[in-house]
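Work through the exercises below with the coordinates open. Try each task before reading its solution.

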Amino acid sequence: MNKGTATPPDARHRSRTGRRAAEIAVAAAVAASCGATIGPATPALAGGSPGPYCAGSARTDIPADGPAAAGRAARVEGGFYAMTGLYWPPTTAILCQEPPSTHHPLFRAGRGGCATGTLPFLIPNDLGPTVAGSPPLWGTFLPPGWYYLGNDAPPGWSDLCWAATRPAATS
């Protein structure tokens, strides 16, 4: 019979207490990291390519579900705009006011992709192959009104569907 030394009861208790403290610390760290991961999400965390930030109040978010977004159209003041990003949910385009350029079109009519009663206008974007991911330093003119993103633009451009008054929701 080997009469080795037995671990005193208080040492066993300290060992269990230390292990329990470590388990609680690990659980707290995991919970904190999950909270940071699934906590309130900004558009960049939700999904998309938000692009560069617009200066001051020059940013406008536009619903981007084609004609289905007509009832959620956003009011835009007249001016020169470029699309600098896209995020979801819900799918939303980011527009920034940009200065016009005499080397680019000041105004460009779109091809379609809009609900009945709205007109398409084109603005440059940095999401297509034409401008290769660099933000446009110029914009095309949009008259004041209500806008949502259409779905029939050529590469490097975005269709915005315009209405003078807020369009009704489509089903």
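**Exercise 1. Place Phe 107 in the chain and classify its exposure.**

Step 1. Phe 107 sits in the loop that links strand 5 and strand 6. Strands are DSSP runs (E, at least two residues), numbered from the N terminus.

Step 2. The relative accessible area of Phe 107 is 47%, so this residue is partly exposed. The classes are buried (under 20% relative accessible area), exposed (over 50%) and partly exposed in between, with a 1.4 Å probe and protein chains only.

Step 3. Leu 106, Phe 107 and Phe 141 make up a nonpolar surface patch with about 280 Å² of accessible area together. Such a patch joins nonpolar side chains (Val, Leu, Ile, Met, Phe, Trp, Tyr) within 5 Å, from residues with over 30% relative accessible area and no salt bridge. Areas come from the Shrake-Rupley method with a 1.4 Å probe.

A note on the input: this is a predicted model, where local features need pLDDT of at least 70, side-chain atom pairs count only at pLDDT 80 or more, and totals for chains, interfaces and linings use all residues. Numbering runs from 1 along each chain as its sequence is written, and side-chain values use heavy atoms, without hydrogens and water.

**Exercise 2. Describe the surroundings of Thr 140.**

Step 1. Thr 140 belongs to strand 7 (residues 140–142). Its relative accessibility is 0%, so Thr 140 is buried.

Step 2. The Thr 140 side chain makes a 2.6 Å approach to the backbone oxygen of Leu 122.

Step 3. Beyond four places in sequence, the contacts of Thr 140 (heavy atoms within 4.5 Å) include Pro 105, Leu 106, Phe 107 and Ile 123.

**Exercise 3. Follow Ile 123 into the largest nonpolar core.**

Step 1. Ile 123 is part of strand 6. At 0% relative accessibility, Ile 123 is buried.

Step 2. The largest core has 15 residues; Ile 62, Leu 95, Ile 123, Leu 142, Tyr 147 and Leu 160 touch the most other members. A core is a set of buried Ala, Val, Leu, Ile, Met, Phe, Trp, Tyr and Cys residues joined through side-chain atoms within 4.5 Å.

Step 3. Strands supplying at least two residues each include strand 5 (92–97), strand 6 (119–124) and strand 9 (157–163).

Step 4. Another core, of eight residues, lies apart from this one; Ala 70 and Cys 161 are among its members.

**Exercise 4. Which residue forms a salt bridge with Asp 61?**

Step 1. The partner is Arg 59, with the closest N and O atoms 2.8 Å apart. The criterion is a side-chain nitrogen of Lys or Arg within 4 Å of a carboxyl oxygen of Asp or Glu.

Step 2. The structure holds one salt bridge.

Methods: Helices (H or I, at least four residues) and strands (E, at least two) are DSSP runs, numbered from the N terminus. Patches are made of residues with over 30% relative accessible area and no salt bridge: like charges are joined within 9 Å, nonpolar side chains (Val, Leu, Ile, Met, Phe, Trp, Tyr) within 5 Å. A polar contact is a pair of N or O atoms within 3.5 Å; within protein, one must be able to donate a hydrogen and the other to accept it, and residues adjacent in sequence count only if both atoms are side-chain atoms.
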